[in-house]
Amino acid sequence: MKLNNYTQNVGMRMIVIQIVAFILLSLLGVRLYFLQIVQGDYWSGRAENQRVRLIPIPAPRGAILDRNGKILVDSRPTYNVVLSNEPLKTIDVSERVPEYARGLNLEPDFVAERLSLIKKQNDFETMVLKESATMQDIAWVESHNLEFPELRIELQPQRTYPHGKMLAHVVGYVGEISPKQLESDTYKAKGLRPGDIIGKNGLEQSYDEFLRGRPGYRKVLVDSRGRVQSEIEVVQPQAGQDLISTIDLDLQISAEQQLEASATKRGALVALDPNNGEILALASAPSYDPNVFTQGSKTPEGRRQIAAYWQDEKRPLYNRAIQGQYPPGSTWKIPESLGALQQGVITVKNSNLACGGGITIGNKFTRCMGSHGSPPLSYAITKSCDGYYYRLALKMKIEGLIEMIETFDFDKRTGIDIPNEKVSQTPKSWKPIVEKREGRWSDIRTVYASIGQDTVVVTPISLLRAVASIGVKGKMYVPHLMKEFKPIGAMGEEGSQSYFAGRPGFGFDRPEPKLIPMTPEQEEVMVKGMWGVVQPGGTAGASAIAGFDIAGKTGTAQVAALGKDVGAKKDHAWFVSFAPAFKPEIAIIALIENVGFGGSHAAPAAKGVYETYIATRYGGVPPAGASIEPKLIAKR
Amino acid sequence: MVAIIEKRDLRDFDWLTTILAISIAGFGVWQIHNALPHESIWTKQIVGIGIALFAFVLIVFSDYRRIIDIAPFFYGFGLLLLALVLTPLGVEVNGQQAWLKLPVIGQFQPSEFAKIPTVLMLARYFGQKKGGALTIRETLIGAAILAGPVGLIMLEPDAGQAITYFPMLAAALFLSGIKIRYVILATVTAALLIPAAWIVGVKTGKIKTYQQERINAIIDPESVDPRGYGYHTVQSVITVGKGGLSGIQGDSQTSQSVLKFLPEPQTDFIFAVTAENTGFIGCISLLLAYALLLSRMIAGAREANERPATLAIMCFATAMVFQIFMNVGMALGVLPVIGVPLPLMSAGLSALLTTFCAIGFVVSIRMRRFVN
């Protein structure tokens with residue numbers, strides 16, 4: 001060894017270098033042991049989490065059909081441009097705005113908004129950038145695959161409402177779940193995720209749970225930019241259940257046409273089967289197009305349209321049939337009369353009260369529209385004698401009116417199976433307020449309440465429900481739009497993770513009526529009075545249909561002060577009815593806002609729907625027994 | 001320069017070192033294939049090994065003494081290439097002008113090649129030293145030799161490459177009689193100064209945010225933005241840890257590099273690829289192979305009959321250990337992300353050629369140990 005020739009012990013120093021080298025390599029070995037052996041499983045899991053992604057496959061929503069199987073709402077497949085946030089996390093998205101806007105023909109502001117939204121979401125979330133993509137859009141996305149890996153095309157079922165504005169208030173619409181809804185307990189429990197489509201109004205909302213299918217998913221392998229490399233597993237979605245509604249499309253069309261043909265084109269028309277509460281038609285005008293909400297909420301034009309709906313003074317989004325609260329005017333006399341009979345204030349044999357052409361309370365005279373002498377109940381109904389009811393209500397006292405209100409559930413919602421129903425406001429709710437404010441409940445308020453004014457405002461649906469019960473021995477059904485849900489079969493193999501159990505069909509959950517106590521004699525006198533309304537000489541005599549007796553009651557509800565029924569503040573016209581009068585199959589309420597007299601505006605609208613009913617149900621010929629000779633009535 | 005191949009030469013040829021180096025390089029080809037199975041980089045690497053072996057043979061059968069004698073010429077040539085990188089002939093990649101593109105030869109990285117003349121220059125200078133403790137003058141001249149290439153590399157700028165030059169000087173000084181107290185003093189000073197410099201640097205803003213992030217990524221990789229500067233470190237650690245005991249054995253379907261989670265898998269993070277595919281067993285085997293190769297090199301240095309030869313081998317060996325530690329430490333998330341290739345493993349002709357040249361010197365020196 002020549003090394004010793006040199007000073008400073010070079011040999012030892014080389015050994016030192018070698019030892020240091022080995023120590024360094026050993027340290028690496030220790031670290032390797034720690035990462036691979038001790039923590040191996042943990043890192044393995046981390047790696048799997050970042051490369052395996054579940055892409056939901058949206059389930060087709062159940063269709064909504066009318067009672068005869070005609071399609072009311074359906075889903076059709078559309079191509080959407082979907083934005084996933086993962087490749088966007090590390091880049092400045094502002095550069096993307098003009099690119100997307102140009103490529104997909106979108107407004108830059110909207111693109112910027114969507115991009116900032118998706119950036120805020122959790123990892124691996126996706127969001128629809130453009131719905132119903134055109135072939136050009138699809139080609140553009142495909143050809144920019146490398147440049148914009150965050151964009152992809154997905155085939156998604158799109159809810160469509162083929163009847164547009166018609167039925168909007170019945171079926172509602174669907175939309176992306178809002179962040180607020182996601183936080184709420186109702187939706188949280190159902191395991192919904194951002195971007196999921198839920199029902200947002202009408203039947204879509206009420207029966208969302210059943211209409212909404214169970215989404216499947218694609219388990220895929222992705223690279224670091226979120227691009228799908230291969231498919232590991234596919235779990236097919238389970239479609240939602242089909243809903244057979246109680247709607248009769250022909251009657252619905254007729255109802256909508258009647259409202260459309262009315263002078264103000266504002267109002268509500270509801271037809272139901274008094275024997276079970278099934279709603280055959282429910283129209284509220286003006287209406288809106290649900291397609292705007294489902295397809296348009298992601299486009300600037302769609303948003304403008306939605307904003308226009310909200311700002312429209314005519315309130316198209318407002319379902320007048322269940323949310324509108326209107327003074328019922330003389331239609332109120334029907335439940336009031338029965339209440340008086342039940343309470344014994346009048347009897348079937350002795351129901352005569354003076355008309356007097358009006359009544360004087362204190363120094364104020366409130367007039368009747370005519371001079372009816374001292375009519376019995378049925379005649380008072382037929383002629384809509386206000387004077388009779390002023391006196392009847394004073395005899396019942398406000399307590400009696402309130403008892404009647406409770407009997408007919410005017411202090412509650414009817415329980416109709418679409419959301420946002422309003423409760424009627426009546427003396428029951430007003431009395432404590434009035435007494436607090438004015439010190440007492442004055443007789444004049446009772447007088448006004450007797451003709452459905454002042455402290456009485458009701459929803460059309462609650463009034464129809466109450467009146468319809470009179471022809472069917474007091475059976476007051478919950479009005480409903482859901483007839484039946486079709487069953488759906490199980491998906492996947494039982495016991496496997498991807499198994500979806502089948503779901504059985506079912507019917508409406510509250511089919512039992514509330515029973516209004518009523519004797520056959522009381523029913524007869526009531527129906528007789530209402531029958532007379534739609535006979536020559538009655539307030540709706542012009543709306544009679546030969547061979548098909550209608551029992552009804554008109555109402556003309558004041559909006560402005562007495563006698564000033566002009567312009568926009570004209571009276572609301574009402575007509576509430578059922579037919580055939582002595583064996584009802586269908587009950588109809590019509591309300592036309594601010595047009596004037598009920599007998600000349602609302603009753604003809606109802607008549608139009610009755611005619612459609614006869615035409616579609618009986619081929620235009622009223623069934624035998626749907627009309628009774630006037631003489632027979634007189635004998636009864 | 002081609003020496004006559006004599007029987008005696010072949011008898012003393014260091015087959016073990018040569019086979020070890022080729023085996024590690026071959027293992028590297030496999031890992032490059034695992035990293036990017038759909039690209040042809042691994043075949044290029046095989047061609048690279050062929051070229052490197054040709055250079056290796058040339059050097060083995062040349063007389064290293066003559067080469068060391070004309071070291072200043074190589075050194076000057078190395079500096080010229082490094083200077084050319086900074087001219088328009090240089091190619092900029094990722095903000096670093098570290099490549100030189102020449103007609104016919106193609107594109108290469110002079111900062112790799114310049115290691116050879118730098119080591120030879122150091123060996124030549126310190127090899128003439130006759131004895132006694134290291135003087136300040138000698139230290140300064142050594143530093144000046146290093147300053148040439150390091151200065152030019154810092155202009156590229158490529159701090160990672162520049163750092164790999166310092167162990168060469170450190171080894172040369174250490175083996176040239178630097179007093180142990182200075183070594184201890186330097187170690188202690190470094191241990192104190194580095195944290196102090198860090199704190200001052202952060203406070204005064206001299207250390208830029210991204211540089212801080214890279215360090216923070218080591219100290220606590222989970223708390224830094226996993227998509228930002230900590231991303232490489234976190235992904236590398238995931239890749240290594242995922243390998244477990246025996247690795248995924250080339251299952252490219254789910255590999256971190258094929259799915260592009262692991263950046264630069266064929267070069268800077270080739271060790272993470274190795275760890276993922278061959279697991280703890282493969283990694284430890286690789287580290288043992290390196291340890292064996294280094295032992296052979298140091299043994300060669302010990303047996304060399306001349307001081308410049310010893311110094312040259314030790315400089316190469318020290319630089320190699322340092323590079324292995326830097327690269328693997330980065331892959332294991334204990335050192336910051338600095339682009340240093342893993343000797344013999346990382347894809348790239350420049351680094352491969354340089355390493356085989358260095359090992360060529362070792363084999364050449366070993367073969368001539370009895371000649372004098």
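The exercises below, each with a worked solution, concern the overall build of the two chains A and B in a predicted model.

**Exercise 1.** Determine how the radius of gyration of chain B relates to the globule rule for 372 residues.

*Solution.* Begin with the secondary structure of chain B, which consists of 16 helices and three strands. The radius of gyration of chain B is 21 Å, close to the 21 Å given by the globule rule for 372 residues, so chain B is as compact as a globular protein of that length. Next take the extents along the principal axes, where the C-alpha atoms of chain B fill a box of roughly 60 × 50 × 45 Å. Finally, turning to burial, 50% of the 372 residues of chain B count as buried.

**Exercise 2.** Carry out the corresponding analysis for chain A, starting from its radius of gyration and the value for a compact globule of 636 residues.

*Solution.* Chain A contains 23 helices and 21 strands. Its radius of gyration is 35 Å, whereas a compact globule of 636 residues would have one near 26 Å. The C-alpha trace of chain A spans about 145 × 60 × 50 Å along its principal axes. As for the division into domains, chain A comprises domain 1 (3-38), domain 2 (53-245) and domain 3 (321-478 + 513-635), and the C-alpha centres of domain 1 of chain A and domain 3 of chain A are 104 Å apart.

**Exercise 3.** State what share of the contacts in chain A between residues at least 6 apart in sequence joins residues at least 24 apart.

*Solution.* Among these contacts in chain A, the share is 72%. For burial, 48% of the 636 residues of chain A count as buried.

Key:
Residues numbered from 1 in each chain as written. Chains lettered and ligands numbered in written order. Predicted model: local features only at pLDDT ≥ 70, side-chain atom pairs only at ≥ 80, totals over all residues. Domains from an automatic or database assignment. Helix = DSSP H or I, 4+ residues; strand = E, 2+ residues; numbered from the N terminus. Rg over C-alpha atoms; globule rule 2.2 N^0.38 Å. Buried ≥ 20, exposed ≤ 12 C-beta atoms within 10 Å, placed from the backbone. Contact = placed C-beta atoms within 7 Å.
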